[in-house]
Amino acid sequence: MRMVDLIAKKRDGGTLTQAEIDWMITEYVADKIPDYQMSAFLMATYFKGMTDAEQANLAFAMLNSGDRLNLDEIPGVKVDKHSTGGVGDKISIPLTPLVACLGVPIPMISGRGLGHTGGTLDKLESIPGFNVHETEAEFKAQVQDIGQAIISSSGDMAPADRRIYALRDVTATVESIPLIASSIMSKKIASGTNALVFDVKVGNGAFMKSQADAEKLARALVSIGHAAGVDGVALLTDMDQPLGVTIGNSLEIAESIAILKNRGPKDVRELTLTLAAHMLVLGKRAESLEIALGMCEDALKDGRALKAFKQLIERQGGDSRVVDDPTLLPQAKYKVPVTAATDGFVTAIDSNALGIAVMQLGGGRATKDSVLDLAVGLVLHKKVGTPVTAGDTLAMIHADSDDIDAVAQAIQAAFTIGPVAPVKQPLIKQIIK
Ligand code: URA
């Protein structure tokens, strides 16, 4: 085979066979296909797309380029969640102990934040002592013992994806649905889970800006999962404003603790409960979503989910006293309000801009090597639909520097205030199986 022929085939709208995709990925990882040819193939795919079979074959080829965890020795249906990433998305943190305490094992391999979105591992590291690095044996033992673990990837999972993703990043080919779906699924299948719930974000703070694109991505993820024998459900959820009222690592842990104490913002609670209910059904612990929702509500009310979170923290070396006293989490030196300039209603919040503002405060990574300030962030006092009067606090900045005028201006500009209350949008827009 010759790579130039495969590029031409894709350029002309053809469909690559499994053998061709396997050959291409194997040769690329072995450095026998140069980056410029792979880049041309990625661009051709960006324009011509892939069939369901092609994107599944690409996911499998990238999966087969590296290690694959086998969790068969752990009893039960192992279920994981994947979010396509949003601003203020801390759901994995309350979700994991909630689902684990109801008997579904969650082996979660999570990521760090980059750019305007945060990462679960960074958030957890704001708990003093919390360790996200475990060997495969430790990870398996923990999931077996307490039904949950949240760690960073240890082995060499899907190295082909790592290299291709880096190339996509610099060739303007990240935003291709088959490439995104095969990339995500190569890593998720490698993590050994039996079933997956996807939270596909739609809106100004998400990868997918339109519901039509989000639906295509959701269908691609579920379809690749099915081809791999991994059961899946995808929820399309709103990211036209940040999730909850906090953005920033330790602030988001405090909000997650509030959810586990049966309090906290309504949207975070609704999404946590809905995703958890789908996981209980996929994990065969509940016969219906209604029953599952009732089980989750009970576990929040009677403290089982909170207790499971303490157990997770302790098992991973963290100080579980933060659960009873969230002031033990890193605290910022300054709290500075951002106020409304006019009266009206908040009609829109630019989540992307708020994510970038938190990154500029030091709470997110501008580059892979940035060192984070885990204390800083934002607490939103107003969300979309809320009436405001000029001078009201829109958001409180938590900062460790008092040189934040530019960031404060950007935050104020991220809120659109208009004369008419906007139509309320549902948080969960669509469910795809
Ligand atoms: N996340 C991934 O893992 N891959 C993509 O291509 C996009 C988001």
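Helices here are DSSP runs of H or I with at least four residues, and strands are DSSP runs of E with at least two, both numbered from the N terminus. With that naming in place, this report describes the ligand site and two sheets of a predicted model.

**The ligand site**

The residues that surround the ligand are Y165, R168, I180, S183, I184, K187 and F207. Helix α9 gives the largest share of this shell, namely 4 residues, and both α8 (159-169) and α9 (177-190) supply at least two shell residues each. Sorted by class, the shell holds 4 nonpolar, 1 polar and 2 charged residues.

Three side chains of the shell place a polar atom opposite an atom of the ligand, as the table shows.

| Residue | Ligand atom | Distance |
|---|---|---|
| R168 | oxygen | 2.8 Å |
| S183 | nitrogen | 2.6 Å |
| K187 | oxygen | 2.4 Å |

Taken alone, the ligand would expose 240 Å², and the protein buries 84% of that area.

**The antiparallel sheet**

One open sheet consists of 4 strands in the order β6-β9-β11-β7, with antiparallel pairing. Its edges are formed by β6 (246-247) and β7 (334-339), each of which pairs on one side only. Within this sheet, strand β9 (residues 377-380) and strand β11 (residues 393-399) run antiparallel and are joined by 4 bridges, and G377 stands opposite H398 in β11. Helix α15 (residues 351-363) lies across β6, β9 and β11, and its direction makes an angle of about 140 degrees with β9.

**The mixed sheet**

What is the order of the strands in the open sheet whose pairing is mixed? This sheet has 4 strands, arranged as β1-β4-β5-β13. Strands β1 (79-83) and β13 (428-432) stand at its edges and have a single partner strand each, so one side of each is left without a neighbour in the sheet. On average, and with direction ignored, neighbouring strands of this sheet are turned by 15 degrees against each other.

Strand β4 (residues 195-202) and strand β5 (residues 231-238) run parallel and are joined by 8 bridges, with K201 standing opposite T237 in β5. Helix α10 (residues 211-227) packs on the sheet and touches β4, β5 and β13, while its direction makes about 165 degrees with that of β5.

Technical notes
Residues are numbered from 1 along each chain as its sequence is written. This is a predicted model: local features need pLDDT of at least 70, side-chain atom pairs count only at pLDDT 80 or more; totals for chains, interfaces and linings use all residues. Side-chain values use heavy atoms; hydrogens and water are left out. A residue is near a molecule or strand if one of its heavy atoms lies within 4 Å of it. A polar contact is a pair of N or O atoms within 3.5 Å; within protein, one must be able to donate a hydrogen and the other to accept it, and residues adjacent in sequence count only if both atoms are side-chain atoms. Accessible areas come from the Shrake-Rupley method with a 1.4 Å probe; for residues, only the protein chains shown count as cover. Ala, Val, Leu, Ile, Met, Phe, Trp, Tyr, Cys and Pro count as nonpolar, Asp, Glu, Lys and Arg as charged, and the others, Gly among them, as polar. Two strands pair if DSSP finds at least two bridges between them. Contact means heavy atoms within 4.5 Å. Axes are lines fitted to C-alpha atoms, for helices over the stretch in contact, and angles run from 0 to 180 degrees between N-to-C directions.
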